[in-house]
Amino acid sequence: MTPALPGRVRHDAAELKVVAVLGAFAALVAALVIAFPDATPFSTLLIPVVVGSLLLGPRTLPPFVLFVLAMLGVSLLNQTELTTRTLGAAAVQVVIGVIVILAS
């Protein structure tokens, strides 16, 4: 195993901070959707996916997007009513998540 380069270690640490902040934001949004399902739009979960696609590398991005999609699933389970519109919005988010993963 080759030793890590100092620049690479700094880059990994910076990326870890970004993924931690974005993950915390996604978890906060999911918690708000669970607490206030009629007042908090779960489509807000797209924000960390889009920002992550700009700031995260190809090794970190796919697991992060899968985490956000899991938060989407949890949010959907806590909706008071699952309408066609709600399911359509969720489907669009899943498609965007898959596109982001495939493009990374």
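**Figure 1. Thr40 in the loop between H1 and helix H2 (46–55).** Thr40 counts as buried in this predicted model, because its relative accessibility is 15% and the cut-off for buried is under 20%. A polar atom of the Thr40 side chain lies 3.4 Å from the backbone oxygen of Leu32. Leu32 also appears among the contacts of Thr40, together with Val29 and Val33. That list leaves aside neighbours within four places in sequence.

**Figure 2. Gln79 in the loop between H3 and H4.** Is Gln79 buried or exposed? Gln79 is buried, because its relative accessible area is 16%. Its contacts are Val33, Pro37, Phe42 and Thr86, with neighbours within four places in sequence set aside. Val33 is also in contact with Thr40.

**Figure 3. Phe42 and the residues it touches.** Phe42 touches Val33, Leu72, Ser75, Leu76 and Gln79. Thr86, Ala89, Ala90 and Gln93 are also touched by Phe42. Residues up to four places away in sequence are not counted here. Gln79, in turn, lists Phe42 and Thr86 among its own contacts.

**Figure 4. The largest nonpolar core, with 19 residues.** Which members touch the most other members of this core? They are Phe42, Leu45, Leu56, Phe64, Val68 and Leu72. H1, helix H3 (61–77) and helix H4 (84–103) are the elements that give two or more residues to the core. H3 supplies the largest share, seven residues.

**Figure 5. Leu61 in helix H3.** Leu61 counts as buried because its relative accessibility is 3%. Leu61 touches Gly52, Ser53 and Leu56, as well as Val100 and Ser104. Residues up to four places away in sequence are left out of that list. Leu56 is one of the core members that touch the most others. Where does Val19 sit relative to Leu61? The two are 42 residues apart in sequence, and their C-alpha atoms are 8.5 Å apart in space.

**Figure 6. Gly73 in helix H3.** Gly73 counts as partly exposed because its relative accessibility is 28%. The C-alpha atoms of Gly73 and Val94 are separated by 9.8 Å. Along the chain, these two residues are 21 apart.

**Figure 7. A nonpolar patch on the surface.** Phe25, Leu28, Leu32, Phe36 and Ile47 form the patch. Together they have about 450 Å² of accessible area. Helix H1 (residues 6–35) gives the largest share, three residues. Phe25 lies in H1. Phe25 counts as partly exposed because its relative accessibility is 32%. Leu32, another patch member, offers its backbone oxygen to the view in Figure 1, 3.4 Å from a polar side-chain atom of Thr40.

**Figure 8. The whole chain, for context.** The secondary structure comes to four helices and zero strands. Along the sequence, the pattern is α-α-α-α. Of the 104 residues, 32% count as buried. The accessible surface comes to about 6,500 Å². Carbon and sulfur atoms account for 73% of that surface. How much of the contact set joins residues at least 24 apart? The share is 69%, among contacts between residues at least 6 apart in sequence.

Conventions
Residues are numbered from 1 along each chain as its sequence is written. This is a predicted model: local features need pLDDT of at least 70, side-chain atom pairs count only at pLDDT 80 or more; totals for chains, interfaces and linings use all residues. Side-chain values use heavy atoms; hydrogens and water are left out. Patches are made of residues with over 30% relative accessible area and no salt bridge: like charges are joined within 9 Å, nonpolar side chains (Val, Leu, Ile, Met, Phe, Trp, Tyr) within 5 Å. Accessible areas come from the Shrake-Rupley method with a 1.4 Å probe; for residues, only the protein chains shown count as cover. A salt bridge is a side-chain nitrogen of Lys or Arg within 4 Å of a carboxyl oxygen of Asp or Glu. Buried means under 20% relative accessible area, exposed over 50%, partly exposed in between (1.4 Å probe, protein chains only). Contact means heavy atoms within 4.5 Å. A nonpolar core is a set of buried Ala, Val, Leu, Ile, Met, Phe, Trp, Tyr and Cys residues joined through side-chain atoms within 4.5 Å. A polar contact is a pair of N or O atoms within 3.5 Å; within protein, one must be able to donate a hydrogen and the other to accept it, and residues adjacent in sequence count only if both atoms are side-chain atoms.
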